[in-house]
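Work through the exercises below with the sequence and the 3D structure open. Try each task before reading its solution.

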Amino acid sequence: MMMPELKKLLDRIIQRVNINLRELGYDAGPFVQGIIPFNQMVKFYAFYGITPHHPLNFQFRHSNLSGSYFLGRCRVTNSLLYKSDIRGDELKKKGDVFRFQNFEIPISEDEQIDIENSFLIKTLVHNYSHDPETLEKFFIQDVISLHYANIHGSPSEGCIFGPFSTVDLTTIHDCVIGAFSYIQAGEISHINIDPGTIWIRNPGKFNFLYRYPKERLANYVYFNTGSPPQGLFIDFVEDRKEAFQRVFDVVNIESTHSVPSSASLDRYAVIKPHTHIGENVLVAQRAYLQNAWLGKGANAQENCYIINSRLEGFNVTAHGGKIIEADLGQKVFVGFNSFLRGRPDCRLTIGKESIIMPHTIIDIREPLTIPPCHLVWGLVTNKQELETNSMPINAFSKIENRFSKGDMIFEGTGADFVSAFQNRINHILEANGAFFNGTENRGHAQKNQNISFNTIQPYPEGELEGLYPTVIIQP
Amino acid sequence: MKHFLVRDLMVPLSEYATVPKGSTLFEAVMALEKAQEEFDLEHTQYQHRAILILDSNQRVIGKLSQLGVLRALLPKNERIQQIEDIGRFGFSGQLINSLREKYRLEAGIMEEVYKKAARMKVEDYMQAPSEGEYVDESTPLDTAIHQLVLGTHLSLLVTREKEIIGILRMSDVFAAVFHAMKDSEIKG
């Protein structure tokens, strides 16, 4: 049998996930068996970054790490990680103080991302644990996470995350999260969430829910047993896959692109011609820029695609955001995995300070302008749908009690919801170094400039073929 | 309380509302009305609240409650399922009610809904009796009370060997308990 150790590992992970999901009657096996052929898992090296800014402690045991990237403190045990990014550059440090309700909890040791008995495919892990019960350990255990999912500040146990799903700032136990769902709800357990569910809840303050029409969402992403995820999102990234091969194949790559000294362009990003990178810009690994104009303080996170577009500055394009044929004013926020597609003859224009909520799809065949300071959610393909799925931010702020519009329902205080978003956007800009003035307000754009990358590889053949040897890397 | 047995308080099957399988909800409601009219209200102030469904051998195969009839009025489509599903996302009962109301206004006039419901078949809304809903006629009332309370049943089907001979209604049990309480308080 080919690669028996990898097969044993996969079977063990599926069994552990199924045990956790038994109450929901969910069998992960038919969804993930064979989804990544084992021979793919020996083709790619894993790599880790070393910088003076991030505590160093990598521990990899009995795992396959094919094509995956690691930064910061992380431990991986009995797991399969395929082309995933484990980005620990926002983990808490010893001596930090975590504030939760009326508690001020000191951090007793550097936080660590701890992945165990899990199978992550093209998944991004970032941010830090927001669970006050486990502040030093950001755990991911007994989890299967599928293509382009984001596990963002969300300790997770016994879950399956569908393709293009995001769990954000949520502790999550024994849940099934459908494709393209976005969950930010504090803590959840034992729930099966349908594909295309956008749920943002802060108990006692606000609760936002939007559910995509299933048939229309299936054009963009569709996932069922027996085959990998399908749909326009997958086609879109597959069409650009080749461009990444060169940056991953070459060990020492010389950047031909000039970048201001305050900006950071990751050597594992793809930069196509006619791209402009302004001051304090952050371009993360696996970002794709083509004829993209990024003004001061803009960023492009992992798995972002910015094509034939102009971002005026201080724009946040969160993990997995895609912007095509569009013009964005200053401080426009584009949430996780959003897909914004204009056309050469009908561009998408988004006015300054607008918030495009996580997992929004704007896919137009006629020119469309979103006025400044608007909140946009859901599926928008024309002006009428924009009318249904958007509101001026100041009008949303005035919601008291409850409100519904189209397929969106909201309960709570609109002002709390809006300020939570605005504070977070500001925090992201700060963390990314968008406000760096030459001496103060350093962020990722400045700290991530000089990273050394080392590569590690699995056993090429034999009993342990496909497994990486135990590797412990410490200062 | 006097030592009642189940048979002392049950309503005989012949006095209860019954319809054959295949009847419409309208026919069931008419059977209920007829049974109410014929029922001896001199001995009890409580009316029947359910209709029993019989197969071709006159055996009870299900019970159609008032709740079951009302359930037939609820729309059944993806939209209403979505509204009912909202509860698990932590939204309040008021919000869910406001969405139901909004949906009802959009769905059209209630007369049409009643007409449609009246034509539906009883077997689609009846509940087949569960194991805990049967009680032998010679069971002491105390034991039957346990069965009603723990199973949260509104009535029990009374059996003699394998045959269903009547129905023990919670309202009659309650009346008996109430009178016993009253007697014991008066006697001090």
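**Exercise 1.** In which helix of chain A is Leu386(A) found?

*Solution.* The model is a predicted one. Leu386(A) lies in helix α6 of chain A, which covers residues 383–388.

**Exercise 2.** Is Leu386(A) buried or partly exposed?

*Solution.* Step one: count the other C-beta atoms within 10 Å of Leu386(A), which gives 19. Step two: apply the cut-off, by which a residue is buried if the count is 20 or more and exposed if it is 12 or fewer. Step three: Leu386(A) is therefore partly exposed.

**Exercise 3.** Find the residues in contact with Leu386(A), leaving aside its neighbours within four places in sequence.

*Solution.* Step one: with those neighbours left out, the contacts of Leu386(A) are Leu368(A), Ile370(A) and Val380(A). Step two: turn to Thr369(A), 17 residues from Leu386(A) along the chain; the C-alpha atoms of these two are 9.3 Å apart.

**Exercise 4.** Which strands stand at the edges of the sheet β30-β33-β36-β39-β41 of chain A, and why is one side of each left without a neighbour?

*Solution.* Step one: the sheet is open, has five strands and shows mixed pairing. Step two: β30 (316–317) and β41 (390–392) of chain A are the edge strands; each has a single partner strand, so one of its sides has no neighbour in the sheet. Step three: look at one pair, β36 (residues 355–356) and β39 (residues 374–376) of chain A, which is parallel and has two bridges. Ile355(A) has Leu375(A) in β39(A) as its bridge partner.

Notes. Residues numbered from 1 in each chain as written. Chains lettered and ligands numbered in written order. Predicted model: local features only at pLDDT ≥ 70, side-chain atom pairs only at ≥ 80, totals over all residues. Helix = DSSP H or I, 4+ residues; strand = E, 2+ residues; numbered from the N terminus. Contact = placed C-beta atoms within 7 Å. Pairing = 2+ DSSP bridges.
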